Amino acid sequence: MSDNQGPAPEAGAGSRRRGQRKAESRNKAQSRNKGQNKNKAVVLGALSATLLLAAGAGMVSAASIVPSPAGNKTLDMSLADVPAGKTTAVCPAPPRLAEGTPAGTDTQFNPVSRSAKSFLDAVVLSDATGSVPGSNLAALGGSAIAGIAKPPAAAQPPASGPPVLNAGVVAQRPVGDVTVVDADPISGQQAAVAGLMSYTAGDGDLRGLAAAPCQQPVNDAWLLGANTALGRTAVLNISNASGTPATVNLDLFGARGQIQAPDSRGLLVSPGTTRSINLAGLAPNEGQLSVHLRSGGGPVAATIQQSVLRGLTAGGVELITPGAGVADSQVMTGVDIQDPAAVKSLADKPGFADVVPALQITVPGPVDAVVDVRLFGPNGQRALPGGGAVTAKAGSVTEVPLTGVPAGMYTVSATSDVSFAASSRVTRGLKSADPVDFAWSPAAVRLGSQHMVAVPQGGTRFLSFGVPTGRATVSYTPVTSDGKVHKTETVDIAGGTTSVIGVPDKSDGAAVSGYIVSASGDAAYGALVLGQGDQPGISVLTIQDGAAGHEKVQVTLGY
């Protein structure tokens with residue numbers, strides 16, 4: 001038994017030695033594999049680096065061909081709500097006679113005549129629930145003059161059925177300086193506001209009728225119709241009702257081209273002030289002068305006080321106001337033309353050439369404009385004697401006489417393939433020994449919904465509506481001095497005609513102080529035409545843009 005058991009340990013040791021040899025063989029094999037894998041990794045790494053370098057070279061090459069984006073990442077454009085803000089309308093000061101011209105271009109003013117009267121009329125419309133927005137009159141410097149309406153105690157819920165409208169009204173308030181009408185937004189909309197300053201004088205050098213609408217301040221405006229020739233005075237008044245200084249640059253255009261005037265640049269208008277500039281100091285002896293005003297900083301309101309004196313005889317006074325900006329189509333209505341034979345007889349006398357009704361065209365660009373001019377009266381189109389095609393020179397002012405058509409109220413339409421600005425001159429008075437007056441009808445904006453028009457009391461008053469093509473329906477609703485809004489009337493106007501609506505003195509026993517005007521259909525344009533009855537005074541005020549509500553502005557975000 002012991003012999004049989006002896007060799008067993010020896011056999012177990014051999015097995016262990018054989019196991020050790022196998023383990024050593026495995027370890028050597030694993031070491032060889034690790035070396036081979038390491039060599040493979042080196043080769044693969046080198047190949048990868050080569051590929052990456054090649055790809056990088058390709059990317060650089062592509063980048064040199066394809067333009068890089070503006071930013072690292074650009075998000076889609078979105079529309080951001082801009083809530084309605086306060087409405088500010090700046091009403092100009094009454095015309096005043098210049099008392100000399102001190103150094104520079106600024107002038108000082110004194111009242112013009114013993115009989116001069118100046119009034120402010122304004123209308124602030126309620127929302128659909130009848131709540132009139134908080135509104136007041138203030139001086140240009142900000143001091144309060146009078147309240148129009150107190151702010152509503154609380155927002156009223158929309159009522160079912162038709163809107164219930166009323167208004168806050170200022171009627172025939174005497175004024176002597178620049179006035180501001182302020183109105184708060186209501187029901188998410190800007191307040192619908194209209195105002196005008198009207199002036200009359202029966203004696204003095206500024207005898208006549210002048211009126212101008214209260215303007216919402218802007219940073220860009222065109223004023224056409226100035227004249228600095230002998231016996232003509234043109235004073236540009238720039239008012240800044242904001243709290244930000246305005247730096248104003250003026251581009252001046254005359255009949256012979258653009259006028260270079262070094263003193264027309266960098267004109268500072270401080271907050272709450274008006275700067276007055278005698279245009280003869282910048283562009284003397286210009287019978288046809290257009291002004292393009294651009295303001296950096298605070299927006300401004302601007303008018304040109306234009307007057308004429310022929311020897312000792314007053315030749316009229318007007319406040320020229322901005323019209324529509326440059327475009328390839330301009331429309332002016334309320335162009336009241338007198339008897340053509342009598343006008344020609346007066347215009348033939350020395351110093352009376354500018355009593356002829358005319359269209360002035362200013363082309364600011366470098367290309368001449370071939371303009372198609374048409375006149376539309378109540379009975380349709382009237383042909384101009386020289387035809388309607390006019391070439392307006394680039395960078396200058398071109399005047400087109402509107403003669404040879406029967407007397408009446410007209411709408412003037414001008415179109416071209418080149419953008420231009422335009423305005424039409426209207427005159428009143430036919431005897432050289434008597435005072436005459438004039439007005440300018442600036443290019444109007446297309447009528448939409450709820451335009452407000454303030455109306456002064458006394459004299460003759462007409463609403464003139466023109467529709468160049470197609471057909472339009474215009475509605476007009478009187479607002480009286482007691483704040484009541486009365487029954488709406490409508491007029492259907494065929495294309496190529498002008499409709500004239502007389503403004504009554506009263507409606508239901510109260511004085512008419514304004515109108516709410518709306519239009520539908522094809523493009524329609526409107527103006528208020530004022531006269532002095534048997535006197536030669538005349539003034540034309542285009543109907544301005546309606547109130548704006550919430551606006552949406554495109555916003556681009558990036559990082």
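Strands here are DSSP runs of E at least two residues long, and helices are runs of H or I with at least four, both numbered from the N terminus. Ser-475 falls in one such strand, β31, which covers residues 471-480. The model is a predicted one, so a cut-off applies: local features need pLDDT of at least 70 and side-chain atom pairs count only at pLDDT 80 or more, while totals for chains, interfaces and linings use all residues. Residues are numbered from 1 along each chain as its sequence is written, and side-chain values use heavy atoms, with hydrogens and water left out.

On the whole-chain level, the protein has 3 helices and 38 strands. Of its 559 residues, 46% are buried, where buried means under 20% relative accessible area, exposed means over 50% and partly exposed is in between (1.4 Å probe, protein chains only). Contacts (heavy atoms within 4.5 Å) lean on distant partners: among those with a separation of 6 or more, 79% join residues 24 or more positions apart.

Back to strand β31. Ser-475 counts as buried because its relative accessibility is 17%. Setting aside neighbours within four places in sequence, Ser-475 touches Thr-488, Glu-489 and Thr-490, plus Ile-516, Val-517 and Ser-518.

Next come the rings. A pair of aromatic rings is described by the distance of the centres and the angle of the planes. Rings of Phe, Tyr and Trp (its six-membered ring) pair if their centres lie within 6.5 Å; planes under 30 degrees apart are stacked, over 60 edge-to-face and the rest tilted. That rule gives 3 aromatic pairs. Tyr-476 and Tyr-515 have ring centres 6.2 Å apart and planes at 55 degrees, so this pair is tilted. The two tyrosines come from distant parts of the chain, 39 residues apart, with Tyr-476 in strand β31 and Tyr-515 in strand β35 (residues 510-521). Both are buried: Tyr-476 has a relative accessible area of 8%, and Tyr-515 has 3%. Ring pairs also bring in Phe-465, making a cluster with Tyr-476 and Tyr-515.

A charge also sits over a ring, which requires NZ of Lys or CZ of Arg within 6 Å of the ring centre and within 35 degrees of the ring normal. Arg-310 lies over the face of Phe-352, 4.5 Å from the ring centre. Arg-310 turns up again among the contacts of Gly-315, along with Val-308, Leu-309, Val-436, Asp-437 and Phe-438, once neighbours within four places in sequence are left aside. Gly-315 belongs to strand β20 (residues 313-320) and is buried, at 2% relative accessibility. Its C-alpha is 7.8 Å from that of Arg-207, although 108 residues separate Gly-315 and Arg-207 in sequence.

Finally, the cavities. On a 1 Å grid over the protein atoms alone, a cavity is a set of points where a 1.4 Å probe fits but cannot get out, and lining residues have an atom within 4 Å of a point. Points are joined across faces, edges and corners, and volume is the space filled by probe spheres set on them. There are 5 cavities of 30 Å³ or more, and the largest has a volume of about 140 Å³. Of its 16 lining residues, the closest to the centre are Asn-227, Val-308, Asp-354, Arg-425 and Phe-438. The second largest cavity comes to about 120 Å³, with β10 (193-201), β29 (451-454) and β37 (535-542) each giving its lining at least two residues.

Key: On a 1 Å grid over the protein atoms alone, a cavity is a set of points where a 1.4 Å probe fits but cannot get out, and a pocket is an open set with protein on both sides within 12 Å along at least five of seven lines; lining residues have an atom within 4 Å of a point.
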